[in-house]
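Dear colleague,

I am passing on the structure we talked about, and it follows directly below. My notes on what was found in it come after.

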Amino acid sequence: MATFTSVYASPRVIPLLVLGFASGLPLALTSGTLQAWATVDNVSLQNIGFLTLIGTAYTLKFLWAPLVDRYAPPILGRRRSWIFFTQLMLAAAIAGMGLFSPGNHLGLLAALAVLVAFLSATQDIAFDAYSTDVLRKEERAAGAAVKVLGYRLAMIVSGGLALVLADQWLGWRNTYFLMGGFMAVCAIATVLAPEPEVVARAPRSLAVAVVEPLVEFFKRRGAITILLLIVLYKLGDAFAGALSTTFLLRGAGFSVSEVGTINKVFGLAATIVGALAGGSIMSRLGLYRSLMLFGLLQAISNFGYWVLAVTPPQVYSMALVVAVENLCGGLGTAAFVALLMALCKQEFSATQFALLSALSAVGRTYLAGPLTPPLVESIGWPGFFVITVLIALPGLILLRLRRAEIEGLDTAP
């Protein structure tokens, strides 16, 4: 039986911390940090709004994932070669953004940011495939947790820390140069990371790489309900979080500084602890029992927001609710990412993971986002948070119905 120490000390898990950092680093540099730079440079609000389109590549990355499955540069293996070369190009492109300013060269800077987003999405495709291929079954949740940790740390560095460095120490140009340097250093970890113990052959043609991942998946028993489970498993969590900041400010009556401090400190710390604990717990419980336990905890934790909605505002109660909700969300995320890994066949892991992860965002993007405001307006905050608990139940029912298939993933070769 794996212990907490052994599962995280694995030579296949440790490199995922740095590779997860490399995966998360570009996102803020092409979104929030870039918008802050444009704001400081007095770019018009309309043009800043257009900058939000830069991240489209992250949504559409499944379109070129078959290319990553089919082809690979001739060094460092099928997955690491893609990661390594995209990291080198990202290092150059991110540093290149520092050569221009939003006030004087917005078009050129935006074009470079689009390139960074495309390269970053491609790195994500290869990284998700690599982590799916390299981890043993008992290491999947730990690997997912370490990926989340690296990604979150990168968001802090390229988000909040970058803003402080640009404002008080280095200026925007040198900050982007530094971030490009960080990405180049991450490429060293890619070189040192191990190859999967079993290396699957690439699809024999691009047509096979496009079609076969879908054919292979839909031949499985219960494929449609498994896909529906992916949409529904974290749906209650997505609804509760869709307007959580707005609720804490308007509905519960906390100040901006209180919400910012609690969310950044307690929320982030609890998410990381939850993800790491999830990796260790899952090594003991297995995939199905972990998904069920963590899914129940995710649902129950939403009651904390109901408590905040019906009681006077107290910072300590908000800190406790935010910490518990993020802790349970981190547990669920570790097991959920492990599920996505387990569902991927190694030969097509880049395409299948990209498609499954895109599907997992459907509930958050197209259901929770649009439906949360009218629900709140019609039934109020307390009733809404009770509803979010109920929204989580269909996913857990589906999980129970597909128990045999999920448990089979733990024993599959």
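How many disulfides does the count come to? Please bear in mind that this is a predicted model; within it, the count comes to 0 disulfides, where a disulfide would be a pair of cysteine sulfur atoms within 2.5 Å. As for two of the cysteines, Cys 186 is buried, at 4% relative accessibility, and Cys 344 is buried as well, with a relative accessible area of 10%.

On the surface there is a nonpolar patch, whose residues, among them Leu 296, Phe 303, Trp 306, Val 310 and Leu 390, together have about 950 Å² of accessible area. At least two residues of this patch come from each of α16 (287-301), α17 (303-310) and α19 (349-401), and the helix that gives the most is α19, with 5 residues. Leu 390, which lies in helix α19, counts as partly exposed because its relative accessible area is 47%, in between the limits of 20% and 50%.

Helix α17 also has buried residues, namely Gly 304, Tyr 305 and Leu 308. These cover an arc of only 100° around the axis, so they lie on the same side of α17. In general, an α-helix has 3.6 residues a turn, so residues three or four places apart point the same way. The cover over the buried residues of α17 includes α14 (244-251), α16, α18 (315-343) and α19, while α16 and α19 also supply residues to the nonpolar patch.

With best wishes

Note on methods
Residues are numbered from 1 along each chain as its sequence is written. This is a predicted model: local features need pLDDT of at least 70, side-chain atom pairs count only at pLDDT 80 or more; totals for chains, interfaces and linings use all residues. Side-chain values use heavy atoms; hydrogens and water are left out. Patches are made of residues with over 30% relative accessible area and no salt bridge: like charges are joined within 9 Å, nonpolar side chains (Val, Leu, Ile, Met, Phe, Trp, Tyr) within 5 Å. Accessible areas come from the Shrake-Rupley method with a 1.4 Å probe; for residues, only the protein chains shown count as cover. A salt bridge is a side-chain nitrogen of Lys or Arg within 4 Å of a carboxyl oxygen of Asp or Glu. Helices (H or I, at least four residues) and strands (E, at least two) are DSSP runs, numbered from the N terminus. Buried means under 20% relative accessible area, exposed over 50%, partly exposed in between (1.4 Å probe, protein chains only). The arc is that of the directions from the helix axis to the C-beta atoms. Contact means heavy atoms within 4.5 Å.
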